Each structure stands twice: as structure tokens, then as C-alpha cells.
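Reader: Could you walk me through this one? I would like to begin with a single residue and work outwards from there.

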Amino acid sequence: MQKTSAWPLAWVYAALVVYASLYPFDGWRVQGIAPWVFLWAPWPQYWTIFDVISNVLGYAPLGFFFTLSFRRTRPTLPALTVATLMAASLSWMMESLQFFLPLRVPSNVDWLLNVAGAWLGGAVAIVLNWAGVLARWSRFRAKWFIADARGALVLLALWPVGLLFPAPVAFGLGQVYERLEEAAAGWLQGTPWLEWLPLREVELQPMLQGAEVLCVLLGLLLPCLLAFSVVQTLQQRWVALLVFLTMGLFASVLSAALTYGPVHAWDWTSSEVRAGLVGAIFTSAAAVFLSRRACLVIALVCLVLQLALLNTAATDAYFAVTLQTWEQGRFIRFHGLIQWIGWLWPYVALSYLMQRLSTLSPRDI
């Protein structure tokens with residue numbers, strides 16, 4: 001068996017598919033009919049090309065990651081068949097559960113498109129493996145990254161995805177305190193446990209300009225430090241620096257273009273953001289020369305500091321207007337997928353950094 005990053009990516013993506021399929025989780029009801037009757041129901045009369053593409057593309061990565069995982073760890077199994085059956089079973093369960101949600105409509109067409117998307121994704125993995133692309137990736141990974149780099153690679157792959165969902169502060173992932181507080185108050189409303197919630201003496205205040213600059217700097221520095229802790233050589237660190245700074249900028253530009261339109265793709269670059277970008281470039285360049293242990297320690301400190309700054313500041317009053325584009329428009333299908341990555345990425349990274357530091361080998365000190 002080989003260790004592969006495909007397994008954790010497959011399970012993370014499967015969890016996000018479950019969330020996106022059942023969102024918004026409101027109004028569960030029982031209708032007294034078997035939830036799987038959608039399989040032999042008449043085909044829907046109205047559908048759009050966006051529905052077709054989103055259903056196919058939504059399950060394609062799942063089929064790709066599952067097929068790749070089985071090819072790497074269970075080469076004796078028919079990887080494409082097993083991966084397609086797993087994706088088909090997951091899609092069937094999600095469509096059946098949607099029968100209990102008034103805002104979701106189970107559809108046999110959606111199920112077939114999901115299965116087709118999973119098969120196509122798995123077929124891509126088979127073709128890439130047959131063409132030797134995956135073997136070249138294995139050689140590239142062995143040349144560029146340390147042996148125990150799987151967790152960091154998964155986090156680095158998910159980081160730009162989390163940036164696609166609009167954030168109150170550029171590169172500021174993990175600002176969840178206000179939302180958790182509001183959600184807890186809503187869940188406990190009308191119960192005696194509502195009084196158990198801690199009360200603040202003063203309301204959260206908007207973030208100061210200096211704190212915003214620091215958050216932007218830390219948000220870009222973190223993936224660079226994480227990459228520096230797993231690449232092999234100094235020259236490779238310079239390449240990683242360029243790659244992740246570019247990926248962060250591209251993801252933020254794409255997020256703004258999807259939210260406000262292509263003509264507003266760069267509107268998020270305020271003076272504070274530009275100052276943070278410049279600071280991140282110089283700070284990351286200086287960190288290239290640090291040891292792996294130093295990179296991990298500094299990344300841990302930076303992550304804790306950024307989370308503290310973000311979660312002790314109020315979100316922008318106009319930020320809710322921005323979210324309406326995603327939560328009420330066509331991005332609703334991808335709302336949960338990207339939002340949860342942006343919320344959870346820093347906390348998973350925090351756990352990973354503490355685990356790496358506790359098991360660091362002497363040669364990395």
C-alpha cells in the first residue's frame with residue numbers, strides 16, 4: 001500500500017457534497033412515501049444547461065479522487081467500477097434525503113448526471129495513469145517534497161478553494177465567532193440554556209486598518225510557511241513562494257469576479273490589502289531561509305494571531321449584501337462546499353501544525 005493524498009481529498013470532498021446536497025437543512029418532514037420513488041418518476045420537464053454542468057462537474061472530482069485512491073492503495077480492485085458505485089450510492093442517498101427537505105427536489109436526472117460525472121472523473125484518473133502522468137507526479141513529489149508531506153499537500157490544495165468564498169478580510173479564513181454566537185442563540189432560543197451563553201459587555205468593533213494589514217500579511221504568509229516545511233531544497237522554496245502568492249491572488253480575483261462581475265475583479269485591493277500584500281512578499285522571502293521547524297513554529301504563531309484578530313472584530317455591515325449574491329443566486333449549489341472550507345481550513349491547519357511539531361524528527365530541528 002502507498003500513502004496518497006487522494007484519500008483525504010476524496011473524503012473531504014464527499015463530506016462537502018453531503019453538505020451541499022442537503023443545504024439549507026430546514027423544514028424536514030415525512031410525506032409517507034418511499035423517498036426513492038424519484039428513480040422511476042417521470043423525467044422533469046424543465047432543466048437548464050447550468051443544472052446539467054453543475055451536476056456532472058459536482059461529482060467528477062469525487063470519482064477522480066476515489067479512482068485514484070484505489071489505484072494507488074488497492075491496485076487489484078477495478079478502481080473505476082468501485083469508485084463509480086460508491087459515488088452512485090452517495091448520490092442516491094443524497095437524492096433520497098432531499099425528499100424530506102421542502103426546498104430540495106430529488107430527481108432521477110440529477111442522479112444519472114451525478115453518476116455520469118463520477119464515471120467521467122474516474123475515467124480521467126485512469127487515462128492519466130495509463131499515460132504515465134500519475135507516475136511522473138509520483139517522481140515529482142519524491143523529488144520536491146519530504147516523505148511525510150501528505151497533510152500539508154491536502155491543506156495547500158484546499159487553501160485557494162477556501163478563498164473563493166467572499167471573506168470580510170482578504171485572505172482572512174476562519175472568521176466564525178459571530179456566526180457561531182448567532183447560531184447558538186437561535187438554537188437555544190426558548191430554552192433555559194439560553195442564559196448559559198456568555199455575554200459581552202461591549203459589541204465587537206470593526207477591525208482597525210493596521211490589524212487588517214496584518215491579517216492580509218498573515219493570510220498570505222501561512223501557506224508559504226506550510227509549503228516551506230515540506231519542500232526539499234532552497235530553490236524549490238522560491239518556486240513555492242511564487243506559486244502560492246500567485247494562487248492566492250488568482251483565487252481572490254476570481255472570487256471578486258464571480259461576486260461582483262469581471263469588471264470589479266480587482267476592487268478588493270484596498271490600500272490596506274496592498275500594504276499587506278507587499279508585507280507578505282518581503283516576509284515570505286525572508287522566511288525562505290528558515291529551518292523546517294522554524295517555519296512550523298512561526299506558522300503556528302501566525303495562525304493563532306490571525307484567528308484572534310479576525311474573531312475579536314465585527315464583520316463589515318455591508319458584507320451581508322455581498323453574501324446575497326452567493327446565498328440567493330446560482331452559486332447556492334456551491335455555497336456550502338466553498339464556505340465550509342474557508343471556515344474550517346485554519347482550524348484543521350492548526351491541528352496539523354501542532355501534530356507536526358510534536359512528531360518532528362531531529363534532522364528538521
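**A residue and its surroundings**

Author: This is a predicted model, and a good place to begin is Phe171, which is found in the loop between α6 and α7 (177-188).

Reader: Is Phe171 buried or exposed there?

Author: Phe171 counts as buried, because its relative accessibility is 3%, under the 20% that sets the limit for that class.

Reader: And what about the backbone, where does phi of Phe171 lie?

Author: Phi of Phe171 is near 65 degrees, which is a positive value in a residue other than glycine.

Reader: Which residues is Phe171 in contact with, leaving aside its neighbours within four places in sequence?

Author: With those neighbours set aside, the contacts of Phe171 include Trp159, Leu163, Val216, Leu220, Gly248, Ser252, Trp268 and Gln306. Phe171 also belongs to the largest nonpolar core, a set of 91 residues in which Phe171 and Phe228 touch the most other members.

Reader: Which helix gives the largest share of this core?

Author: That is helix α8 (residues 209-228), from which 13 residues of the core come.

Reader: Moving on to helix packing, how do α6 and α9 cross?

Author: The axes of helix α6 (residues 150-163) and helix α9 (residues 234-260) come within 8 Å of each other and cross at roughly 30 degrees, which means that α6 is roughly parallel to α9. On the α6 side the contact is made by Leu156, Trp159, Pro160 and Leu163, while α9 brings Phe244, Met247, Gly248, Ala251, Ser252 and Ser255.

Reader: What kinds of residues are those?

Author: In the contact of α6 with α9 there are 7 nonpolar residues and 3 polar ones, with no charged residues.

Reader: Let's change topic to Val105; where is that one?

Author: Val105 has its place in the loop between α3 (79-98) and α4 (108-130), and with a relative accessible area of 63% Val105 is exposed. Its contacts, apart from neighbours within four places in sequence, are with Glu95, Gln98 and Asp110. Measuring from C-alpha to C-alpha, Val105 and Glu95 are 7.9 Å apart in space, with their positions 10 residues apart in sequence terms.

Reader: Finally, how many helices and strands does the protein have?

Author: There are 13 helices and 2 strands, and of the 365 residues in the protein 48% are buried. Among contacts between residues at least 6 apart in sequence, 84% join residues at least 24 apart. The protein exposes about 19,300 Å², of which carbon and sulfur atoms supply 70%.

Methods:
Residues numbered from 1 in each chain as written. Predicted model: local features only at pLDDT ≥ 70, side-chain atom pairs only at ≥ 80, totals over all residues. Heavy atoms only, no water. Core = buried A, V, L, I, M, F, W, Y, C linked by side-chain atoms within 4.5 Å. Buried < 20%, exposed > 50% of the residue type's maximum accessible area, 1.4 Å probe, protein only. Helix = DSSP H or I, 4+ residues; strand = E, 2+ residues; numbered from the N terminus. Contact = heavy atoms within 4.5 Å. Areas by Shrake-Rupley, 256 points an atom, 1.4 Å probe, with all protein chains shown as cover. Axes fitted to C-alpha atoms, helices over the stretch in contact; angles between N-to-C directions. Parallel < 35°, antiparallel > 145°, perpendicular 65-115°, else oblique. Nonpolar A, V, L, I, M, F, W, Y, C, P; charged D, E, K, R; others polar.
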